[in-house]
Amino acid sequence: MFSNDEIVRRAHELAREIKRGQAGGQPCLVQVVEGARPFARLIQRALGCHALHDVRAKSYEGTVSTGEVCIEMLGGFSEVDLAGREVVLIEDIVDTGRTIAALRERFAALGAARVRVVSLLSKPARRVVDVAVEFVGFEIPDEFVIGFGMDIDERYRELPDIVVYDPEVERAFASAKA
Ligand code: IMP
């Protein structure tokens, strides 16, 4: 769907947009692990920010359609004072919007002055929560994608490009390797 070159180019454009709207001082950069790592590195380097904090968010669909998101602030991030800070939240893909909505709410509750979200991908057709995503790399149709940090059951994060997951192709590769 997107080559590594296209991703890198788009990430640099997004970083320029983020910089243009910056309120002053270094923002507090936060990446949603694991998927956002490669994209977040590009944004971090382009913005010249030293620190990059990690947050993990797990969605639980359960039987209720609202879906609950469990948030974990990792590696000492929970001790960082966000009061009055500008947060730039970096995500790989916004799907239903629940994860970003929950994270925005959490950072607002912790006193962040402003939260801006940058997501490499967005699937607008899948949205169930109307959440603001200030910077989107690419809008994509309702397809499951892998690569450039994104996985299916922890597989294919290492792919340099973003591709549509196809179980048929996966089976063909597996039998060719065997
Ligand atoms: P949301 O809360 O439904 O917006 O979910 C966002 C999270 O779902 C992302 O951070 C990904 O971890 C995962 N996700 C959604 N769609 C895809 C996809 O197409 N490929 C890989 N992960 C996805």
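Biologist: Which elements each supply at least two residues of the lining of the largest pocket?

Modeller: In this predicted model, they are strand S1 (28-33), strand S2 (53-60), strand S4 and helix H3. A lining residue needs an atom within 4 Å of a point of the pocket. The lining holds 30 residues, and Ala57, Asp92, Ile93, Thr99 and Asp151 lie nearest the centre of the pocket. The volume is about 900 Å³.

Biologist: What makes residues of that lining count as charged, and how many are there?

Modeller: Asp, Glu, Lys and Arg count as charged. By that rule the lining of the largest pocket has 14 charged residues, next to eleven nonpolar and five polar ones.

Biologist: Where does the ligand sit?

Modeller: The ligand takes up the space of the largest pocket. To sit in a pocket, a molecule needs more than half of its atoms within 2 Å of the grid points, so the ligand is placed in the largest pocket.

Biologist: Why is the pair between glutamate 91 and the ligand called a polar contact?

Modeller: The cut-off for a pair of N or O atoms is 3.5 Å. An N or O atom in the side chain of glutamate 91 is 3.0 Å from an oxygen atom of the ligand, so the pair counts as a polar contact. Aspartate 92 passes as well, because one of its polar side-chain atoms lies 3.0 Å from a ligand oxygen. Glycine 97 uses its backbone instead: an N or O atom there lies 2.9 Å from an oxygen atom of the ligand, therefore this is a polar contact too.

Biologist: How much of the ligand does the protein bury?

Modeller: The ligand taken alone exposes 490 Å², and the protein buries 83% of that.

Biologist: Which elements give two or more residues to the shell around the ligand?

Modeller: They are strand S4 (86-94) and helix H3 (98-109). S4 gives the most, with four residues. Of the 14 residues around the ligand, Asp95, Thr96, Gly97, Thr99 and Val145 come nearest. The shell divides into seven charged, four nonpolar and three polar residues.

Biologist: What makes up the lining of the second largest pocket, by class?

Modeller: That lining has nine nonpolar and three charged residues, and no polar ones. Val, Phe and Tyr count as nonpolar, and the lining includes Val163, Phe173 and Tyr156, so these three belong to the nonpolar class. Helix H4 (167-177) and strand S8 (163-164) each supply at least two residues, and H4 has the largest share, five. This pocket holds about 230 Å³ of space.

Notes: Residues numbered from 1 in each chain as written. Predicted model: local features only at pLDDT ≥ 70, side-chain atom pairs only at ≥ 80, totals over all residues. Heavy atoms only, no water. Near = heavy atom within 4 Å. Polar contact = N/O pair within 3.5 Å; in protein donor to acceptor, adjacent residues only side chain to side chain. Areas by Shrake-Rupley, 256 points an atom, 1.4 Å probe, with all protein chains shown as cover. 1 Å grid on protein atoms, 1.4 Å probe; cavity = no way out; pocket = protein on both sides within 12 Å on 5 of 7 lines; lining within 4 Å. Points joined across faces, edges and corners; volume = space filled by probe spheres on them.
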